[in-house]
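Biologist: Could you take me through this model feature by feature, giving the general idea before the particular case?

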Amino acid sequence: MTDESFTYERVKKIFDAGADQYDWQRRSLIPDFDQFYGIAASLVRTEQAAPSILDLGAGTGLLTSFIAAAYPHAKLTLIDFSEKMLARARERFSRHPGEVRCIAGDYAAYAFGETFDFVVSALSIHHLEDADKRKLFKTVYGLLNGGGAFVNADQAAGETPFFEAFNMRQWEREVAASGLPPERIEESKERRKQDRNATVADQLGWLREAGFAEADCVYKRYGFAVFYAIKPK
């Protein structure tokens with residue numbers, strides 16, 4: 001078994017185990033939760049009543065639920081390697097009037113066979129090795145219709161070791177003050193051992209290399225960032 005497959009299986013096991021508690025813990029584990037998710041959702045902008053949206057590493061469908069509130073007839077495709085997470089997503093969107101498809105699989109390798117108006121992701125892509133992130137951004141570019149956009153709300157490494165340590169200290173301080181039980185905090189720290197964070201500068205470079213001439217980090221607070229990249233029409 002390679003180190004890569006070990007990481008994949010380890011992350012899957014951790015998220016399977018935390019599926020039932022995932023949503024409510026987000027508010028304690030993510031500083032400025034509402035702004036982080038709210039800004040990401042607000043970047044899905046279109047005059048279409050039923051845009052097609054692909055959520056990579058969708059988990060319980062938390063980010064997509066923010067978007068679906070604005071576009072109740074959107075065509076939703078959610079992919080995640082955790083069946084338990086997707087079970088929660090299916091419950092969440094059981095009354096969504098638009099088409100909903102949930103796929104259990106590895107989004108970095110899955111052949112979708114169609115294109116989308118928007119590709120979104122939240123707190124997932126940082127689990128990939130840098131070379132795989134770079135490859136994925138090229139894949140995302142190909143999955144988008146002309147004029148479509150990629151929105152990625154994710155973790156980001158500090159630009160230097162000093163700022164990486166600084167960001168982690170700030171996160172630990174805020175999480176400790178959130179009221180989350182200590183055992184939940186320790187579980188989150190265990191999950192973060194599987195992180196493969198990349199800097200904002202590197203990720204923007206990979207997005208532009210993939211073809212996104214318009215790409216920027218539109219929000220950043222310590223180690224959390226929202227990236228917005230638009231494919232030319």
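Biologist: Is Ala 104 buried, exposed or partly exposed, and what is its relative accessible area?

Modeller: Accessibility is read against two cut-offs, with buried meaning under 20% relative accessible area and exposed meaning over 50%. In this predicted model, Ala 104 has a relative accessible area of 41%, so Ala 104 counts as partly exposed. Ala 104 belongs to strand E3, which covers residues 100–104, and, leaving aside neighbours within four places in sequence, Ala 104 is in contact with Asp 80, Glu 83 and Leu 86. With Glu 83 the C-alpha to C-alpha distance is 6.1 Å, although the two residues are 21 apart in sequence.

Biologist: How much confidence does the predictor attach to the chain, and where is the pLDDT below 50?

Modeller: The mean pLDDT of the protein chain is 90, and 90% of its residues reach 70 or more. Over residues 1–6, however, the pLDDT is below 50, and this stretch has 2 contacts in the model beyond near neighbours in sequence. The pLDDT is also below 50 over residues 10–20, for which the model has 22 contacts beyond near neighbours in sequence.

Biologist: How many helices and strands are there, and what percentage of the residues are buried?

Modeller: The protein chain has 9 helices and 7 strands, and buried residues make up 52% of its 233 residues. If one takes the contacts between residues at least 6 apart in sequence, 73% of them join residues at least 24 apart.

Biologist: Which residues touch the most other members of the largest nonpolar core?

Modeller: In soluble globular proteins, nonpolar side chains tend to be buried together. Here the largest nonpolar core holds 38 residues, and those touching the most other members are Phe 36, Tyr 37, Ile 53, Ile 67, Leu 78 and Val 226. Among the elements that give two or more residues to this core are helix H3 (33–42), helix H4 (62–70), strand E2 (75–80) and strand E7 (224–230). The largest share, 5 residues, comes from H3. A second, separate core of 29 residues includes Leu 136, Leu 204, Trp 206 and Ala 229. To return to Val 226, its contacts beyond four places in sequence include Phe 36, Ile 39, Ala 40, Val 151 and Cys 217.

Biologist: What surrounds a polar residue such as Ser 121, and is Ser 121 buried or exposed?

Modeller: Ser 121, which is found in strand E4, is buried, with a relative accessible area of 0%. A polar atom of its side chain lies 2.8 Å from the backbone oxygen of Leu 56. Not counting residues up to four places away in sequence, Ser 121 touches Asp 55, Leu 56, Leu 63, Val 151, Asn 152 and Ala 153.

Biologist: Which side chain makes a polar contact with the side chain of His 126?

Modeller: The partner is Asp 195, with the side chains making a polar contact at 3.2 Å. His 126 is found in the loop between E4 and H6 and is buried, at a relative accessible area of 3%. Beyond four places in sequence, the residues in contact with His 126 include Lys 133, Asp 154 and Arg 196.

Biologist: Where do the buried residues of H7 fall when seen down its axis?

Modeller: One asks how wide an arc the buried residues cover around the helix axis. In H7 the buried residues are Asn 167, Gln 170, Trp 171 and Val 175; they fall within an arc of 125°, so they line one face of the helix. The face turned away from the buried side carries the exposed residues Pro 161, Phe 162 and Ala 176. The length can be checked too, because at 1.5 Å a residue the 16 residues of H7 should span 22 Å, and the end C-alpha atoms are indeed 22 Å apart. In helix H8 (residues 182–192), Arg 184, Ile 185, Ser 188, Arg 191 and Arg 192 are buried. They cover an arc of only 115° around the axis, which puts them on the same side of H8.

Biologist: Which residues other than glycine have a positive phi of about 55° or near 55°?

Modeller: Two cases can be described. Asp 32 has a positive phi of about 55° although it is not a glycine; Asp 32 sits in the loop between helix H2 (22–29) and H3 and is partly exposed, with a relative accessible area of 36%. Leu 123 has a positive phi near 55°, lies in the loop between E4 and helix H6 (130–143), and counts as buried at 7% relative accessibility.

Notes:
Residues numbered from 1 in each chain as written. Predicted model: local features only at pLDDT ≥ 70, side-chain atom pairs only at ≥ 80, totals over all residues. Heavy atoms only, no water. Core = buried A, V, L, I, M, F, W, Y, C linked by side-chain atoms within 4.5 Å. Buried < 20%, exposed > 50% of the residue type's maximum accessible area, 1.4 Å probe, protein only. Helix = DSSP H or I, 4+ residues; strand = E, 2+ residues; numbered from the N terminus. Contact = heavy atoms within 4.5 Å. Polar contact = N/O pair within 3.5 Å; in protein donor to acceptor, adjacent residues only side chain to side chain. Expected span 1.5 Å × (residues − 1). Arc of directions from axis to C-beta. pLDDT = per-residue confidence, 0-100.
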